[in-house]
Amino acid sequence: MTDDDKTVVLGGDPPPEARLVCVNDADIDDVSGTIEFDLSGPGPFTIGRDVSNDVQINSRKLSRKHAQIAFENDSWVLQDLASTNGTF
């Protein structure tokens with residue numbers, strides 16, 4: 001995977017407590033609400049429907065292994081893992 005395949009999300013020093021906040025739309029999964037995930041630790045963190053992911057989100061819009069997020073070179077980087085619907 002090249003650097004062109006990665007999306008830099010946030011630059012700078014890592015926050016003391018990193019959290020991923022997901023806002024679910026009832027139009028997508030018949031359930032609405034906000035879910036927060038703790039991203040403290042060494043990472044990278046995988047995201048997807050499968051229970052083996054660090055961040056499990058039961059959504060029809062996510063692949064079993066959808067993406068990963070990691071802190072690299074003072075920036076948060078989100079990388080798609082060849083998911084069906086893509087990551088943007």
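## Exercises on a predicted fold

By the ring-pairing rule used here, the count comes to one aromatic pair. This is a predicted model, where local features need pLDDT of at least 70 and side-chain atom pairs count only at pLDDT 80 or more, while totals for chains, interfaces and linings use all residues. Residues are numbered from 1 along each chain as its sequence is written, and side-chain values use heavy atoms, with hydrogens and water left out.

**Exercise 1. Work out which class the pair of Phe 71 and Trp 76 belongs to.**

Step 1: Start with the rule. Rings of Phe, Tyr and Trp (its six-membered ring) pair if their centres lie within 6.5 Å; planes under 30 degrees apart are stacked, over 60 edge-to-face, and the rest tilted.

Step 2: Apply it. The ring centres of Phe 71 and Trp 76 are 5.2 Å apart and the planes sit at 70 degrees, so this pair is edge-to-face.

Step 3: Check the cover on each partner. Buried means under 20% relative accessible area, exposed over 50%, and partly exposed in between (1.4 Å probe, protein chains only). Trp 76, at 9%, is buried, whereas Phe 71, at 29%, is partly exposed.

**Exercise 2. Lay out the secondary structure of the chain.**

Step 1: Helices (H or I, at least four residues) and strands (E, at least two) are DSSP runs, numbered from the N terminus.

Step 2: Count them: one helix and seven strands.

Step 3: Put them in order, and you get β-β-α-β-β-β-β-β.

**Exercise 3. Find the residues that touch the most other members of the largest nonpolar core.**

Step 1: Such a core is a set of buried Ala, Val, Leu, Ile, Met, Phe, Trp, Tyr and Cys residues joined through side-chain atoms within 4.5 Å.

Step 2: This one has 14 residues, and those touching the most other members are Leu 20, Phe 37, Leu 39, Ile 47, Val 55, Ile 57 and Ile 69. At least two core residues come from each of β2 (19-24), β4 (45-48), β6 (67-72) and β7 (75-80).

Step 3: Zoom in on Phe 37. Contact means heavy atoms within 4.5 Å. Setting aside residues up to four places away in sequence, Phe 37 touches Ala 18, Arg 19, Leu 20, Cys 22, Val 55, Gln 56 and Ile 57.

**Exercise 4. Describe the surroundings of Gly 86.**

Step 1: Gly 86 lies in the segment after β7, and its 26% relative accessibility makes it partly exposed.

Step 2: Beyond its neighbours within four places in sequence, Gly 86 is in contact with His 66 and Asp 80.
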